[in-house]
Structure formats: structure tokens, C-alpha cells
Amino acid sequence: MKSLLRASSAMALAAISVGYAAPAFAQTPAEAEESVAEIVVTAQKRSENLQSVPVAVSVLSGQALATTARPSIESAAQLVPSLNFLKSGTTLNQTIFLRGVGTATFSIAGEPSVSTVVDGVVYARSGEAFNDLVDVAQMEVLRGPQGTLFGKNTTAGALNIVTNGPTPDFEASAEGTYGNYDLRHFRGSVSGPLAGSELAGRLTGYVTERDGTFTNLYNGQDLNNQNKYGLRGQLLWTPLPNLSGRFIAEYSHQHENCCVYPMVSITQATLDRDAYMEYQREPIDPYNRAVKEDTATENSMDQQAGSAQFDWKIDERNKLTSISAFRHWTFNPISDDYTSMQLVPQTGVD
């Protein structure tokens, strides 16, 4: 009976595969060419057709990212093969991996193997990239060493993110999401001309809030909540047809009671230590979403950034680009040893 079911399932899958494949074989070369939309990337620092770029690159459109519950590197990892990330107790220690290669370190001076570049500006630390990605035009995931064009911190690859710029015509968008644990996520943008055809502007903002998903049995506090917001302003100045300047200023803030994890196993050495100190640990249950610790767990982050990009189109094939930028990132984690024992009062700087 089981063999019969397996044979029937295999035949059904084969029939489905043939049914989906048949229309592709029926297309003429001209129809097939018309059905493939052109994808333009800047993986080599210039706009090119994706099919002409000799680089292992995957492209995510801004629309594809926007359809996820929360546009972020975490969401992108679910859409791009070979892109993964290592989640950690703090944003600082979270790591991006490409093809299984990345740099996981607890040092604030550690440099990533997968670089994140947003509008031509490199993020010096991986932790800066783990924020909401709002108003993104597209994300290019470049696999393999990219040091020639994107700098030394790209031995495993790079994420090249391009945001939407100011537009000559007025446009606006707004979106809100509500979910369990009282999740509230709002994002929106407005763009249009400011002074004729020479000056245009764009303003983008987002707010994300959510209640905690864990309970601290020590004091009843909710942990692993979300509380962040950000604002980005842009100006596009085009004094001449072949000369333009793009100016970007942004600020983002995050203050969350994060991050804790349920304990799924305990070593014998830990049990011996508990017995010696007469400490009663909570029973292991990864589904009860509860911890017991006597010190606050908090992550606080602030980012301020600004950039100026000038493009001078020399002729039809050549363009000179200058990008000047600064970024200031402050990250302050406070964590405990995840017990109510007075072993480590707290880590981090309050």
C-alpha cells in the first residue's frame, strides 16, 4: 500500500511538473525575450543589465522587501539563497553570512567579512545594518570577494542597497501593520519638487513597536520587545543637465529590553554549580517563553549620518562620481548572566 502511494505521488508530481513546463517550451524566442524584464544593477559601480554583469549577484526589488512583515536583513535572508545571519543577544554581535562565510566576534573593533553599502556609503560594523530597511529601491547581494570595488571588508561578499531618491513629480505613500503582541509598524515617504526642476526633496520615516515575547519571572517584566524609529531626508540638486548633487541626512533610535533566550539544555557542571550555591533553576521548557534574571536586559542604539554625492556626466559612457559621508553609531548593551544569582551584576555601560 505504501509503495502504491509513493508511486501515485511521484506520478502526480511528474504530471504537475510537465503541466507547468509545457507553456515555456511553447514560447517563441521573441516571446521569451519580451517576457523577461530588464534588471539594472550597480554591482560594478555603474548601471548595467544584470545579464551582462560577470558577478554572482542576486537582486531583491524594494517591492519584494516591502511585502515582508518587516523589511530588514533578517527578512532578506529568507528570500536570497546563501544569505544567512547569526542572531545574537545584542545587535552588535549579529553577523551576516554569504555562502557560509562571515565574521562572528564579540569585539566592537571587529570588522565584517560581508560589507553593507547603502547609497554608496559603507557601514563599518555589521550591527549598523540590522535596522528596518524602509523606502528601498533594490538590494543587490554580491557573493564572493568584492574588495576591488567595495573595499577590504568584503572578503565574503557585499550587500549593495539603493534607496529611492527624490522625484521631479509629487508622490507619497504610507503603510501600517498590526500584529500579535501588539505589534505596530508604520512607514511612509513623501517626495516632490521644491524649487522648479533644479531642486527636489524626499522625506522618509518609520516607527516599530511591539510588546515583549518573554516574561522575566524575577520581576514580571516583559522582555524582547521592539521600540525603534528613524527619519531620512534627501535633497536632489540638478543645476545643469550633466551635473547633480544628492544630499542625505538620517537619524535612527532604538531602545529595547532585549535579548534573552530560553535555555534548552544544562550541562552537568552547571547543575553542580547550582547545587553548590543552593540555587533552584527553573525547569527547562523552550516553549514557556520565560526567564529569571535579576538585572535589566537592554539594548540602546543611536545613529546619525550624512552624505553628499556629486555626479558629473562627462559623455554618454563616462561619469565622474564623488561621495563624501560620515556616520556616528552609538550602541549600549546591558545584559545579565540569565539567572537570579548575584554572579555578574551587569555587563555593559549604563
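Two cavities of 30 Å³ or more sit inside this structure. A cavity here is a set of points, on a 1 Å grid over the protein atoms alone, where a 1.4 Å probe fits but cannot get out, and lining residues have an atom within 4 Å of a point. This is a predicted model, where local features need pLDDT of at least 70 and side-chain atom pairs count only at pLDDT 80 or more, while totals for chains, interfaces and linings use all residues. Residues are numbered from 1 along each chain as its sequence is written, and side-chain values use heavy atoms, with hydrogens and water left out.

The largest cavity holds about 400 Å³ of space, a volume being the space filled by probe spheres set on the grid points, which are joined across faces, edges and corners. Of its 31 lining residues, Val-118, Tyr-123, Arg-232, Glu-250 and Arg-327 come closest to the centre. The top contributor to this lining is β16, with five residues; strands like this one are DSSP runs (E, at least two residues; helices are H or I, at least four), numbered from the N terminus.

Then there's the largest pocket, with a volume of about 1,100 Å³. A pocket is an open set of points with protein on both sides within 12 Å along at least five of seven lines. Thr-42, Ser-47, Gln-309, Asp-311 and Lys-319 are the closest to its centre, out of 37 lining residues. Here β9 gives the largest share of the lining, four residues.

Here's how the two linings break down by class:

| Space | Nonpolar | Polar | Charged |
|---|---|---|---|
| Largest cavity | 16 residues | nine residues | six residues |
| Largest pocket | 13 residues | 13 residues | 11 residues |

Nonpolar covers Ala, Val, Leu, Ile, Met, Phe, Trp, Tyr, Cys and Pro; charged covers Asp, Glu, Lys and Arg; the others, Gly among them, are polar.

Out on the surface, Phe-170, Val-190, Leu-203 and Leu-231 make a nonpolar patch of about 400 Å². Patch members have over 30% relative accessible area and no salt bridge, and nonpolar side chains are joined within 5 Å. (A salt bridge is a side-chain nitrogen of Lys or Arg within 4 Å of a carboxyl oxygen of Asp or Glu.) Phe-170 lies in the loop between β9 (157-163) and β10 (171-179), and is exposed at 63% relative accessible area.

Ser-72, in the loop between α3 (62-66) and α4 (73-76), is buried, with 5% relative accessibility. Buried means under 20%, exposed over 50%, and partly exposed in between (1.4 Å probe, protein chains only). Ser-72 and Asp-132 are 60 residues apart in sequence, yet their C-alpha atoms are 5.0 Å apart in space.

Definitions and conventions
Patches are made of residues with over 30% relative accessible area and no salt bridge: like charges are joined within 9 Å, nonpolar side chains (Val, Leu, Ile, Met, Phe, Trp, Tyr) within 5 Å. Accessible areas come from the Shrake-Rupley method with a 1.4 Å probe; for residues, only the protein chains shown count as cover.
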